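Me: I'd like to go through the labels on this one with you, and for each I want to know what earns it. Could you set the values against the cut-offs as we go?

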Amino acid sequence: MPKPIQLYVRYVEAVGYWIGRFAMYLIFPMGAILLYSTVARIILGYPVNWALEMTQFMLSAYYLLGGAYSMQINAHVRMDLFYGNMKPKTRAIVDSFTILFVVFYLAVLFWGGVSSTNYSIVYSQKNYTAWAPALWPVKVAMTIGIFLMLLQTIAQFFKDVAEARGKPIA
């Protein structure tokens, strides 16, 4: 593969790795918020109306920002009925073709995410709950996560094409 493509793959995977590792640790603040909410409600008798919603927002960031990293380490679920019996080169050829559908899907999703995030920022969109938080932070995280997944999918396409040609990108 040409050097620019190899650099693209290397940099996209480095960024996806570090953001994915950051997202992985969001589980701890989510647990702390839920623990605080439980203690406040049961022991102190003080219900916390923001805790569950905040945890849901953090969970959204958790899986959206971690998507590229999980693709990088091959942790996504796939139908393995025929795929598992294929030779690595055949898998790479099949993946090179099928990943184009994923790229198209993620491009459309990203376009919608940008539009939704822009709307949320321009109109100061808030959630319809008692806490009524602004929605733009979670929509920004969503859009960034989709974008990272799109970049990682393109990098994976390049890796699959290189594998199919018998010259894998390290």
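**What earns each label**

Me: Which residues make up the nonpolar surface patch?

Reply: Leu-35, Tyr-36, Val-39, Ile-42, Ile-43, Leu-44 and Tyr-46 make it, and together they give about 780 Å². To join a patch, a residue needs over 30% relative accessible area and no salt bridge; nonpolar side chains (Val, Leu, Ile, Met, Phe, Trp, Tyr) are joined within 5 Å, like charges within 9 Å. The areas are Shrake-Rupley values with a 1.4 Å probe, and for residues only the protein chains shown count as cover.

One caveat up front: this is a predicted model, where local features need pLDDT of at least 70 and side-chain atom pairs count only at pLDDT 80 or more, while totals for chains, interfaces and linings use all residues. Numbering starts from 1 along each chain as its sequence is written, and side-chain values use heavy atoms, with hydrogens and water left out.

Me: Take Leu-44 from that patch: why is Leu-44 called exposed?

Reply: Its relative accessible area is 60%, so Leu-44 is exposed. The label needs over 50%, with buried under 20% and partly exposed in between (1.4 Å probe, protein chains only). Leu-44 sits in the loop between helix 2 (27-42) and helix 3 (51-65). Helices here are DSSP runs (H or I, at least four residues; strands are E, at least two), numbered from the N terminus.

Me: How do you know that the length of helix 2 agrees with what is expected?

Reply: Its end C-alpha atoms are 22 Å apart, and its 16 residues should span 22 Å at 1.5 Å a residue, so the two agree. The expected span is 1.5 Å times one less than the number of residues. Helix 6 gets a similar check: with 29 residues, its first and last C-alpha are 41 Å apart, close to the 42 Å expected.

Me: Which residues of helix 2 are buried, and what puts them on the same side?

Reply: Met-30, Ile-33, Ser-37 and Ala-40 are the buried ones. They cover an arc of only 100° around the axis, so they share one side of helix 2; the arc is taken from the directions from the helix axis to the C-beta atoms. On the other side, Phe-28, Leu-35 and Ile-42 are exposed.

Me: Ile-27 lies in helix 2 too. Why is Ile-27 only called partly exposed?

Reply: Its relative accessible area is 40%, so Ile-27 counts as partly exposed. The C-alpha atoms of Ile-27 and Met-58 are 8.4 Å apart, although 31 residues separate them along the chain. Met-58 is in helix 3, and at 12% relative accessibility Met-58 counts as buried.

Me: What makes Tyr-8 and Phe-158 an edge-to-face pair?

Reply: One of 10 aromatic pairs found in the whole structure, this one has ring centres 5.9 Å apart and 85° between the planes. Phe, Tyr and Trp rings (the six-membered one for Trp) pair with centres within 6.5 Å; under 30 degrees between planes is stacked, over 60 is edge-to-face, the rest tilted, so this pair is edge-to-face. Tyr-8 is in helix 1 (residues 3-24) and Phe-158 in helix 6 (residues 136-164), 150 residues apart. Tyr-8 itself is partly exposed because its relative accessibility is 24%. Together with Phe-157, the two form one aromatic cluster.

Me: How do you know that Glu-13 and Lys-159 form a salt bridge?

Reply: Their side chains meet at 2.8 Å, N to O. The rule asks for a Lys or Arg side-chain nitrogen within 4 Å of an Asp or Glu carboxyl oxygen, so the pair qualifies. A search of the whole structure finds one salt bridge. Glu-13 in helix 1 and Lys-159 in helix 6 are 146 residues apart. At 16% relative accessibility, Glu-13 counts as buried.

Me: What makes the phi of Asn-74 worth noting?

Reply: Phi is positive, about 60°, although Asn-74 is not a glycine. Most residues other than glycine have a negative phi. Asn-74 lies in the loop between helix 4 (67-72) and helix 5 (88-122), and is exposed because its relative accessibility is 53%. Ser-124 also has a positive phi, near 50°. Ser-124 lies in the loop between helix 5 and helix 6, and 52% relative accessibility makes Ser-124 exposed.
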